[in-house]
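I opened this entry to record a few look-ups. I start with the whole chain and then turn to two residues.

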Amino acid sequence: MEGWKDMGTDTLVQEFKGRKDHADYIKRGIAVENYFVKEARKRDYNIWIASEEQNIKEHIDVFLKKDGKEFSVDVKAIRTGNKSRVPDDTWIVVEFLNTMGDKGWLYGSADYIVFERIKDFVFCETQELVDLAHKLVDRNDRVSSYKDAEYKVWGRLYQGKKDLISRMEMSKILELKNTFIWKKSVDISN
C-alpha cells in the first residue's frame, strides 16, 4: 500500500461531509468503523484510516497490516430490517448502484466487506460476495418495497434516487470459502 502509515493508537475514523439526508446513517457508520478499529488494535493490527476520497470513491474504510499481510476493508453497520429498529443478524444488504446511479459499494476496491453483527464482525472477500450476489439476486426482478427485496432488487425511485439494492441471507455469506469472523471483545472496565 503506497503511503502506508500506522495512524497510532488515538486515531479514529473521522466524520466526513456527506449528503444531508445521509447524516444519521453516516454517524452510525462512523461509530461502527471506530469500534472496528478498536477491535483491530486489540488484535495488534497496524491501522491506516482511508482518506475521504478512498472512502467515497473506492469504498475503503480502513487498511490493516499484521505479520507482513496487508488488506483493506469496507465496514458495514448492522442493519435493522424492521420498523422497530431491532438489529438483524440474519440478512445483509448489497448495493449494486448508489443513490446517484453509479456503481455501488459492492464493486468497490476493498479486499473485504466486513459486516457487523451483534456479537461479531464477518469478513467476506469482496470478489466472492460479488460472485454470490450475481448468482443469487435476480437483478431484473424489481420490487416496490425494501422488505420484499430478498434476492430481488429495490431502489428509491419514488424519492428521485437511482440506487439498486438487494437483501441476502447472512448464512450464504458464512458458507463462502474465504469468510472469517472476529468475535467482539467484551470491555468490563466501564
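**Look-ups: whole chain, then two residues**

I looked up burial before anything else: 44% of the 190 residues of the protein count as buried. The model is a predicted one.

Next I listed the secondary structure. I found four helices and 10 strands. Read from the N terminus, the order of the elements is α-β-α-β-β-β-β-β-β-β-α-β-α-β.

I then checked the contacts. Taking those in the protein with a separation of 6 or more, I noted that 59% are between residues 24 or more positions apart.

For the surface, I have an accessible area of about 11000 Å². Carbon and sulfur atoms hold 48% of that.

**T126**

I placed T126 in helix α3. Is T126 buried or exposed? Its relative accessibility is 6%, and the cut-off for buried is under 20%, so I enter T126 as buried. Leaving out neighbours within four places in sequence, I listed what T126 is in contact with: L106, G108, A110, D111, Y112 and I113.

**G160**

I looked for G160 and found it in the loop that runs between α3 (126–136) and β9 (164–169). The relative accessible area of G160 is 62%, and exposed means over 50%, so I enter G160 as exposed.

I also checked G160 against M100. How far apart are G160 and M100 in space, C-alpha to C-alpha? I noted 9.3 Å for this pair, with their positions 60 residues apart in sequence as the separation.

How values were computed: Residues are numbered from 1 along each chain as its sequence is written. This is a predicted model: local features need pLDDT of at least 70, side-chain atom pairs count only at pLDDT 80 or more; totals for chains, interfaces and linings use all residues. Side-chain values use heavy atoms; hydrogens and water are left out. Helices (H or I, at least four residues) and strands (E, at least two) are DSSP runs, numbered from the N terminus. Buried means under 20% relative accessible area, exposed over 50%, partly exposed in between (1.4 Å probe, protein chains only). Contact means heavy atoms within 4.5 Å. Accessible areas come from the Shrake-Rupley method with a 1.4 Å probe; for residues, only the protein chains shown count as cover.
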